[in-house]
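Okay, thanks for coming, everyone. I'd like to walk you through one part of a structure that's new to most of us, so let's get it up on the screen.

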Amino acid sequence: MKVSQRTVRLELTEPLRISRSTMAARDAVWLAIEHRGTRGYGEAVTSTYYGLDAAALGRLLHEAGRELARCATPESALDALRAGELPAPGTPPAVTAAVESALLDLAGKRAGVPVHRLLGAAEAPHAATARTIGITSYRAAAEQARLLTRRGFSVLKIKAGAPDPEDDLDRVLAVRNAAPHARLLLDPNGAWSPALADALLPRYAALGVEAVEQPLAPGDPEALAALAARSPLPVIADEDAVGFEDARRLAGRVHGINVKLAKCGGVTAALRIADLLAGSGTALMLGCLTASTLGLAPAVHLADRARWTDLDGHLLLAHDPWTGIGGTDGTVRAGQDEPGLGVRPVHGAPPPGEEPAGWETAGQEAPDPARDGEAAQ
């Protein structure tokens, strides 16, 4: 297989402020895996929180590409990834997720079926996605809520964690008044102490907030579980539930776990967590980082498995370079019949076998055992 990559800048329509930072743009590294003239694509985005910049992502994806180049087929590479043999130990989950995305896209295209069918779902998943409203004035939040519900959004996620907790309450009240029928989620991104959470959660419950995501600073999952046990609102773990072992520790002790493919390591890892949570009393939330349609597409193929779906990262961009999962009307959808991830570049894909402009090649194809009669390595 031949592997290429390209780094691009993703600008947001407007800066997104959360409790710990404000973001106006981020870099994305696109991965293309080609086999016999067919390409599959994946995306990894930079994250200050997880310590990944564009240079690190590029280097790690290049190293993963060298490993993939030794695999005979995309299907054998997927098997190796699912067995934990690829990529190398210590590879960040975001890189593993991007590699798996490209392999699933490629395998689906080779088989002529959508990714969700490769994963065992007969019907194309679709779900109402939450739409994020950042920390802003209550007037601006109310106006956003009115516009979003007119477009079809039924779930709004409001960021919290302003220096003055009353500002957050004013913002949520304004959103509730502007969108009285919307489901409201709250996300302080770990900004509250246990004492502050105890004081605020009953007030948010009175405003009709449906659930609160990671109210406490990450690093003390026992405190989060204890808060969930006494909270008048469902508590969803995010930063305290990175991977499988975190989910195992919190299963049955919090009301939900936010699974992000870039955080846990991709589709296979997410499905393991979903299986773990089944029947535990802890529901699955599917979340995302701010990314393009390409980065969100694998999660959309899992959307039917989640109680809460928060896959709006592509909707925050000033220009999404990919298309294919919808979302502008409040619902994300996987394509019913289009093979692979079902996404495509906005300006069209290059013809098969033609190197896309601006992409750097990281490896050459291994022999195809079906064509050359050689055993897969």
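**Two helices and a sheet**

So, let's begin with a pair of helices: H6, residues 165-178, and H7, residues 194-206, pack at an angle of about 15°, and their axes are 11 Å apart. Keep in mind that this is a predicted model. Angles under 35 degrees count as roughly parallel, and that's why we can call H6 and H7 roughly parallel to each other. As for handedness, H6 passes H7 in a right-handed crossing.

Which residues make the contact? On the H6 side you've got Pro-165, Glu-166, Asp-168, Leu-169 and Val-172, and H7 brings in Leu-196, Leu-200, Arg-203 and Tyr-204. Sort that contact by class and you get 6 nonpolar residues, 3 charged and no polar ones.

Now, over to the sheet. It's an open one with 8 strands, pairing in parallel, and the order runs E5-E6-E7-E8-E9-E10-E11-E12. Which strands sit at the edges? Those are E5 (130-133) and E12 (308-309), each pairing on one side only.

Let's zoom in on one pairing. Strand E7, residues 183-187, and strand E8, residues 209-213, pair in the parallel sense over 3 bridges. If you want a spot to look for, find Leu-184, which stands opposite Val-209 in E8.

Last bit: how do helices and sheet go together? Our H6 lies across E5, E6, E7 and E8, and runs at about 165° to E6. Then there's helix H5, residues 138-151, lying across E5 and strand E6 (155-159), at about 160° to E5.

Key. Residues numbered from 1 in each chain as written. Predicted model: local features only at pLDDT ≥ 70, side-chain atom pairs only at ≥ 80, totals over all residues. Heavy atoms only, no water. Axes fitted to C-alpha atoms, helices over the stretch in contact; angles between N-to-C directions. Helix = DSSP H or I, 4+ residues; strand = E, 2+ residues; numbered from the N terminus. Parallel < 35°, antiparallel > 145°, perpendicular 65-115°, else oblique. Left-handed = near helix turned anticlockwise from the far one by under 90°. Contact = heavy atoms within 4.5 Å. Nonpolar A, V, L, I, M, F, W, Y, C, P; charged D, E, K, R; others polar. Pairing = 2+ DSSP bridges.
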